[in-house]
Each structure stands twice: as C-alpha cells, then as structure tokens.
Amino acid sequence: MTAPSFEKFLSLSVDLTAFEETDLLGTGMAHAYLAKVRAACGDEVVTDLLDAHRAARADAAGGTGSHARTPLDRDLFDRALRHRILSDDRLGPVARNVIKLWYAGMWYALPPEWTDRHGARTAAETSTVTAAAYQEGLLWRAIGANPPGAKAPGYGSWAEPPRIADRYLKGATR
Amino acid sequence: MYAKFPKGAAHRTDPGAAAEVLYDAVVVGGGISGALVALRLSEAGRKVLLLEAGPAEDLTLRGYERYLDRFYSAISKDNQAPYPAVANAPMPRGTDARRITPGAPDASSYIVQSGPFATDTTYTRVLGGTTMHWEGKALRMLPEDFRMRTLYGEGADWPLTYEDLAPYYSEAEREIGVSADVEDQAYLGIGFDEDYVFPMKGLPLSYLDRTVAKDVDGMPVDLDGEHRELRVRPFPQGRNGIPNPAYDGGRGYVPRGAVSAYQVEVGERCQGNNNCVPICPVQAKYNAGKTLALALQSGRVDLVAQAVAHKVHVDESTGRVTEIEYRRYDRPDSPGHTTMRARGRLFVLAANAVENPRLMLASGLRGSSGLMGRNFMDHAYLLAWALLPEVAGTFRGTICTGGITDLRGGRFRSRQAAFTVDIHNDGWGWARGAPMTDLIGLVDSGGRYGESLRQGLVDRVSRQLQLAFMVEVPADPSNRVTVSPDFTDELGNMRPVLSYNVPEYTMRGVAYARQLSRRIFARLGAEDHTAYDPEFWGYAVHDGEGYEIRGGNHLAGTHVMGREPSTSVVDADQRCWDHENLYMVGGGSMPTVGTSNVTLTLAALCLRSVRAMLAQLDSETAPIEVTTGRDQAATTSGETAP
C-alpha cells in the first residue's frame with residue numbers, strides 16, 4: 001500500500017475546514033497534521049478516508065472526475081460527504097478529528113467504540129502536536145480573535161468591532 | 001530606566017554560606033509580598049535572605065519562555081499550565097477540585113480538603129508567586145470594607161482605616177504599575193489625593209463591554225431603600241498602558257519592562273493577548289519577578305531557591321524567632337534534600353494565606369489567640385452566561401476590561417454580601433470551557449464542517465457574554481487551615497488541610513446575583529444559557545435553588561490583624577503578637593476581603609509594614625543573643641514610629 005498522499009490530505013482539509021489551501025499551508029502545520037493522523041489511525045484508514053473524499057467529489061461533479069477545478073454541485077457534495085464519510089463508523093470520527101486538529105491544533109482521542117473496533121495506538125490519545133499547533137488553530141481566525149497568549153493584535157484593538165466576514169455573521173448583525 | 005535583567009539576578013546564594021550569616025531579615029516566599037519587603041529593606045541598606053520554595057527559573061527571559069512553551073504545549077490550559085509541578089513544593093491546581101463526601105477528606109491533591117464545601121482555589125509556588133498567573137485587576141477596597149462590623153454588624157473591623165492605607169495604595173499602584181483613570185475609580189467613597197493620577201492611563205473598554213454598556217448603563221436598581229443606576233466601568237489594571245505625563249506632579253511614569261536582557265517586543269504596553277491568566281506572553285502584566293529583579297540588583301538580597309521552610313524555631317522564654325529551618329532540595333524531581341537554617345534579626349513570612357499558617361501550625365505555633373489558620377477567606381464566584389443578540393467579538397482584549405461595581409457597597413450589606421461583576425472577554429471559558437467545547441460540540445454532535453462550521457462558531461462563540469459575580473465571603477473561624485501528621489508531602493512537610501463552607505450571608509448575595517443576572521440579560525435581549533449542574537464539585541443549594549460556586553484564589557484571613565492579641569494574630573503592622581521579631585504578611589492579615597481582588601491591598605499592607613520593620617531594626621541595633629532571654633526582649637521592643 002502506498003503512503004497517503006499529502007495533496008489529497010490537503011484537498012480533504014480544505015473541504016472540511018472552509019479555509020483556502022494557502023491558509024492551510026501558511027500554518028506550517030499541514031505535514032505534521034498528516035503525520036499525526038497516520039500515527040494515530042494507521043495508513044489504511046487514512047487512505048480510505050482520502051479515497052472516500054475523492055469519491056464524494058466525483059459524485060458531486062457528476063462522475064466526470066475529481067479535479068479541484070471541476071465545478072462542484074455544493075448540495076450534492078454535502079450529501080456525498082455525509083453519506084460516504086461523516087456517517088461512516090470508521091471514517092466519520094477520523095474526519096471529525098481532522099477538523100478539530102486544524103481548528104484547535106490538538107488531536108482529540110477517538111471515541112472508545114472506534115478504538116475497540118479498529119485498534120488503539122499510543123498516538124491516538126488526546127495530545128498536542130507541537131507548541132506552534134495551538135497558535136495556528138483556525139478557530140481563532142474563524143472568530144476574528146488571536147489564540148490567547150500569541151499573535152497579539154495590539155494595544156486597544158479590542159475596543160474596535162471584530163473583523164469577521166459578513167457571510168459568517170448569518171442572521172446576527174454586528 | 002528599564003528594569004533590565006540585572007547583573008546578579010541569576011546569582012543564587014549558596015545555602016551553606018547563607019547559614020553563616022545573621023541577616024537583618026529572613027523572608028519566606030518570593031511572591032509579591034516577599035519581593036516588596038525585600039526590595040524596600042534592601043533600599044534602606046538592610047541585608048535580606050529570601051527563601052523560595054519553587055525552582056527559580058523565571059528571572060531570565062529564557063526561563064520565562066520555557067513557561068510559555070509549556071503553556072502552548074499543555075493539553076489543559078488552566079491557571080497553573082505554564083508552571084512546573086514539583087513534588088517537593090507542590091501547588092494546588094484548579095483541576096484538583098472534587099466533590100467532598102461528608103466525613104471523608106479529599107486528600108488526592110496537595111490541599112487536603114475536609115469540606116464540607118470543595119474549592120478549586122489555587123496559588124503558584126514559583127519565583128514571583130501567584131502574580132505569575134494573576135489577572136491583574138487592582139481595585140482598592142472601599143472605606144466601608146474596613147468597618148464592616150461597626151457599619152453592618154457583619155465580618156470584622158480593621159485596626160486601620162481606608163485613610164490610613166490610602167498613601168500605601170498609591171505606593172503599591174506605583175510598584176505594580178497600575179493603569180486607570182481617577183474619574184472612573186472615585187466611587188462609593190474611594191478617595192484619592194488631590195491631583196492624584198494613576199501611573200498609566202486606563203485601558204480602553206472592550207467592544208464587548210461597550211455592547212453591554214449600551215443597554216446596561218442607567219439600569220435602575222433599588223435595594224434597601226437606596227436607588228442606584230448601574231454602569232459598565234473600566235477596572236484598574238496591573239498591566240502597562242499609556243504612561244500618564246501628569247503622574248507624580250508632572251514628572252511622569254516610566255513603565256517597568258520585562259525581566260530580561262532585551263526590550264524588543266516584551267515588557268511594554270499590553271498587546272491584547274487575552275491570556276493574563278495563566279501567563280502574559282510579553283510581561284506587560286505585572287509579576288513580582290519585576291520587583292525581585294530590582295531587589296536582587298541591590299546586592300543586599302540573597303536568594304536561595306528550592307528552599308522549603310520546614311519549621312519556625314522560637315526561643316521559649318522570649319517568644320522571639322531564632323531561626324527558620326528549611327529543606328533545600330537538590331533537584332526538582334527527587335526528594336533528596338539538605339536541612340539548612342536561616343538566621344536573622346527579623347523574620348517575615350510572605351508565603352500566602354495558606355502557606356503562612358501551615359508553616360506556623362506545622363511548627364507547633366498555634367498562637368495565643370487560637371486564631372492561627374482560622375477565618376480563611378476567598379471570594380465566592382457565581383457565573384452567569386448568555387448569548388447576546390449581536391456578534392460582540394468575544395475573546396478579544398485582556399481577560400477582563402470592565403464590569404459593574406455599583407453593588408460593592410451599601411446598606412444591603414447588613415443582610416447580604418456585596419459583589420463586583422466582571423464582564424469576561426473570554427466568553428464562557430471559565431463556565432463551560434469555551435471556545436473549545438463549542439468547537440467540539442459543533443463538530444461532534446452538530447454535524448458541522450466547512451462553511452457551516454465557520455458560521456456556527458461565529459454564531460455560538462462571538463456572541464458569548466459571561467458575567468462573573470465576585471461575592472464577598474466574611475470571616476468565619478470555622479473556615480480554617482490546619483495541619484496533620486497524617487498528610488505530608490515528598491519532603492516530609494505537613495500539607496495544608498482546609499475546612500471550608502460558604503456562609504449564608506454570602507449565599508444570600510449569590511442568590512441576589514443570579515436574580516440580577518436575569519434582569520441584565522433581559523435588558524440586553526440576551527438568551528440566558530446559565531444552568532447549574534448538581535454534579536458540579538462546587539454545587540451549593542440555597543433556598544431551594546442550586547448554584548455552581550467557584551473559588552477566586554483571593555486567599556485571606558488566616559492570620560488576621562487586629563487591635564487586641566486575644567482577637568487577632570498580628571497587629572496593624574502585621575507583626576505577630578506572640579513573636580515580636582516575626583511578621584506574617586499578605587492576604588492572611590486581612591480581616592475582610594470586601595469586593596476587590598486582594599493583591600493591591602496586600603501589597604499596600606506590606607509597604608506599610610516595611611516602615612515598622614525598619615523602625616524595629618533601627619531600635620534593635622545590637623546583635624541579638626537569644627540566650628539572654630527576657631532582659632534582651634524587654635529592651636528591644638520596636639514599636640517606635642519612624
């Protein structure tokens with residue numbers, strides 16, 4: 001079996017996090033995160049997850065291929081991700097962990113029903129990846145804040161309204 | 001004039017050599033109390049030995065950065081996360097708290113809790129003490145807080161008045177470097193000298209504070225026939241802001257920088273890291289290391305770290321302290337140690353309101369009043385949390401910039417406890433572990449990913465409002481610190497055993513706080529999400545309603561000061577009635593805690609006590625021969641005012 005592809009992992013991560021590839025690469029954490037997922041779950045699971053993602057993209061592109069440039073039908077893609085990955089006993093918890101890894105910089109232990117069936121590895125326990133991972137958590141960017149203790153925004157910046165793109169404000173007004 | 005990392009600050013005194021010296025003062029504890037005392041005594045030309053229980057790694061930039069790295073890498077980012085856990089000088093941790101089964105003390109962590117109420121109160125045993133993780137709120141107490149018994153028939157009166165302490169408050173504000181504006185802070189009788197300004201200008205309120213203020217300012221509250229209107233008010237902060245050019249009669253103020261060799265981006269103005277607790281990454285927040293660095297620069301302060309005080313030795317005939325026996329461990333990770341002794345003319349216990357009485361009781365010194373360790377106080381925190389109707393950008397700024405202080409005083413205090421209300425810029429972090437718990441909830445059970453996750457996070461996190469009601473706890477002799485030979489640490493020191501219950505008076509204030517939070521949320525149009533979990537370790541029921549009560553780490557009361565030896569442990573100078581050359585300093589001396597975080601007040605008390613210490617040293621010029629006993633003691637009373 002070949003090692004899970006970094007490019008595919010990145011493509012999956014873009015779809016799961018709604019952050020651009022450049023944002024994800026800009027954290028400097030992408031390689032470390034793929035390594036973490038592989039260490040915690042094993043290559044077979046990771047490869048299957050990446051394949052399922054590729055298949056979901058293919059579903060949404062009308063079966064013509066999985067190239068990122070093919071316009072996706074968003075509703076179909078959402079449905080395919082839910083059916084192929086998020087609702088899958090084996091892949092769902094791993095995909096959710098990949099999201100949390102990007103957002104929090106932390107690997108959360110997989111649920112016990114997952115480890116009972118698919119095996120527990122030492123690396124699967126709740127753990128931080130590196131000291132930088134916390135600082136690169138996407139959560140903070142999503143809410144227009146800095147990770148507490150790092151990337152300080154400057155004196156008095158807190159008196160101004162937060163910088164959050166309008167499309168994320170939903171019904172709530174600022 | 002930056003407080004540059006001084007030559008000599010990294011120098012540690014050899015304990016063997018220190019044992020041969022008779023110091024003017026031996027100070028136990030390298031937190032803010034010990035640092036201020038050491039600084040002032042050394043400035044007056046006195047020779048001081050400072051004993052610190054923890055490893056002393058933080059007086060260098062490298063040491064400080066190790067704390068930061070430990071914090072970044074920690075899974076639990078609680079208020080002790082950056083600091084090394086050392087079994088030889090253990091410290092309590094907020095995550096230790098467990099519900100206590102009646103009759104079965106919880107000895108699973110350093111403080112043995114015999115209940116009935118469990119507390120998560122903590123303190124930090126490293127150089128700099130708990131100011132390493134303090135939030136930095138620097139409120140003065142109200143004049144009425146010093147006269148609670150007389151005015152309201154609750155708690156105790158101090159042997160001091162606000163006016164007595166006011167000049168030392170100003171001095172403490174200089175030492176700490178407080179940012180505030182007098183026009184915001186003169187309320188409920190808090191008086192300032194004419195023309196006084198704080199060293200630095202007040203920090204701006206957060207956008208969240210301003211969002212709350214739009215609706216809360218002017219909210220009427222009637223209590224016990226007194227009408228008041230609430231207002232969101234900025235808190236005075238022990239962190240660097242913009243120096244006020246009008247300070248000190250126009251001489252201005254130069255902020256204290258970081259404890260380091262470099263002044264690149266650290267130690268200057270607050271940058272809004274939102275991480276005052278557990279560690280300010282840039283040392284914009286005051287920590288006692290800044291004061292210690294200056295003290296060590298004098299060359300008259302010797303520091304021995306990894307030195308845990310074991311026993312206070314007293315001359316039985318005079319009551320004078322002869323030496324402090326301490327255990328010096330060689331390595332933080334092994335219990336191997338050497339027993340050493342420290343000798344001085346004066347001894348100053350500055351180890352905090354739990355460790356001070358713990359050491360005295362472990363030395364068999366219960367105090368003739370029987371009050372050693374009694375009247376333990378902290379603040380009881382009640383949290384209430386809601387979602388605002390609009391995005392308020394929660395999680396930005398210092399941890400807390402503003403709050404409501406209008407209910408700190410008033411006639412209602414004859415019936416129920418007063419409180420200060422904090423608006424938490426870190427949202428529901430304290431109450432519910434936000435924002436990580438929100439992230440986990442949205443992903444694991446909310447089915448969110450991608451764009452809908454980003455929307456969900458903004459909707460769920462950026463609208464969070466958490467009010468923290470800091471409710472006063474009056475002195476109660478049955479709330480106490482004791483020791484027992486059944487509970488010892490790695491070095492064989494007896495651990496503190498805490499008995500604590502939240503008084504009814506406080507619970508009446510808590511119940512009122514919850515009512516008021518409902519009114520505030522209704523006025524804001526906010527969705528109240530407050531729910532108190534009966535399984536929570538600090539769950540308390542009052543009048544049929546249950547509440548989650550948390551500790552504030554505002555330790556006080558365990559060696560109260562007073563006018564009479566029969567009703568107090570120390571006098572107004574924090575000198576022990578029973579031991580004329582022993583000072584017990586810090587929050588333990590406070591007879592009431594009022595509704596202000598204790599650090600500024602205990603700093604002011606220490607600065608005031610230094611004058612008595614210097615006067616006593618001046619009057620006791622001859623080397624002390626403890627064996628000469630009573631005659632010597634009779635001629636060495638140090639009561640003379642300077």
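**A two-chain predicted model: chains A and B**

Good morning. In residues 477-605 of chain B, helix makes up 22% of the span and strand 18%, and the C-alpha atoms at its two ends are 22 Å apart. I begin there because UniProt, in an unreviewed entry, gives this stretch of chain B the feature "domain: Glucose-methanol-choline oxidoreductase C-terminal". Please keep in mind throughout that the model is predicted.

UniProt also places a feature at residues 24-55 of chain B, again from an unreviewed entry, under the name "domain: FAD dependent oxidoreductase". Over those residues the chain is 38% helix and 28% strand, with the end C-alpha atoms 24 Å apart.

Let me now turn to chain B as a whole. Its secondary structure consists of 16 helices and 20 strands. The globule rule gives 26 Å for 642 residues, and the radius of gyration of chain B, 24 Å, is close to that, so chain B is as compact as a globular protein of that length. Along the principal axes, the C-alpha atoms of chain B fill a box of roughly 75 × 60 × 55 Å. Buried residues account for 60% of the 642 in chain B. If we take the contacts in chain B with a separation of 6 or more, 73% of them join residues 24 or more positions apart.

Two places in chain B illustrate this burial. The first topic is helix α10 of chain B, residues 355-362. How many of the eight residues of this helix are buried? Eight of the eight are, so α10(B) is largely enclosed by the rest of the structure. The buried residues include Glu355(B) and Arg358(B), along with Leu359(B), Met360(B) and Leu361(B). What covers them? Among the elements over the buried residues of α10(B) are the strands β8 (307-314), β10 (334-349), β15 (480-482) and β20 (582-584) of chain B. After the helix comes Gly364(B), with a positive phi near 80°.

The second place is a single residue, Ala156(B), in the loop that runs between α4 (148-152) and α5 (162-176) of chain B. Is Ala156(B) buried or exposed? A residue counts as buried when 20 or more other C-beta atoms lie within 10 Å of its own; Ala156(B) has 22, and is therefore buried. Leaving aside residues up to four places away in sequence, Ala156(B) touches Met148(B), Arg149(B), Ala475(B), Pro591(B) and Thr592(B). There is also a pairing across the sequence to point out: Ala156(B) and Gly562(B) are separated by 406 residues in sequence, while their C-alpha atoms are 9.2 Å apart in space.

We move on to chain A. Nine helices and two strands make up its secondary structure, and from the N terminus the order of elements is α-α-α-α-α-α-β-α-β-α-α. For 174 residues a compact globule would have a radius of gyration near 16 Å, and the 17 Å of chain A agrees with that. The C-alpha atoms of chain A fill a box of roughly 55 × 40 × 25 Å along the principal axes. Of its 174 residues, 39% count as buried. Among contacts in chain A with a separation of 6 or more, residues 24 or more positions apart account for 55%.

Two helix pairs in chain A deserve attention. In the first, helix α1 (residues 6-17) and helix α6 (residues 91-104) of chain A have axes that come within 10 Å and cross at roughly 80°. That crossing makes α1(A) roughly perpendicular to α6(A). Ser13(A), Leu16(A) and Thr17(A) of α1(A) meet Ala95(A), Val98(A), Ile99(A) and Trp102(A) of α6(A). Five of the residues in this contact are nonpolar and two are polar, with no charged residues.

In the second pair, the axes of helix α3 (residues 30-41) and helix α4 (residues 43-60) of chain A come within 7 Å and cross at roughly 120°. The two helices are therefore oblique to each other. Here Val37(A), Arg38(A) and Cys41(A) of α3(A) are in contact with Asp43(A), Val45(A) and Val46(A) of α4(A). This contact has four nonpolar residues and two charged ones, and no polar residues.

Finally, the two chains together. Where they touch, chain B contributes 46 residues and chain A contributes 43. On the side of chain B, the elements giving two or more residues are α3 (61-73), α12 (436-445) and α13 (450-461). Which of these gives the largest share? It is α13(B), with nine residues. By class, the side of chain B that touches chain A has 22 nonpolar, 15 polar and nine charged residues. Thank you for your attention.

Technical notes
Residues numbered from 1 in each chain as written. Chains lettered and ligands numbered in written order. Predicted model: local features only at pLDDT ≥ 70, side-chain atom pairs only at ≥ 80, totals over all residues. Helix = DSSP H or I, 4+ residues; strand = E, 2+ residues; numbered from the N terminus. Contact = placed C-beta atoms within 7 Å. Nonpolar A, V, L, I, M, F, W, Y, C, P; charged D, E, K, R; others polar. Axes fitted to C-alpha atoms, helices over the stretch in contact; angles between N-to-C directions. Parallel < 35°, antiparallel > 145°, perpendicular 65-115°, else oblique. Rg over C-alpha atoms; globule rule 2.2 N^0.38 Å. Buried ≥ 20, exposed ≤ 12 C-beta atoms within 10 Å, placed from the backbone.
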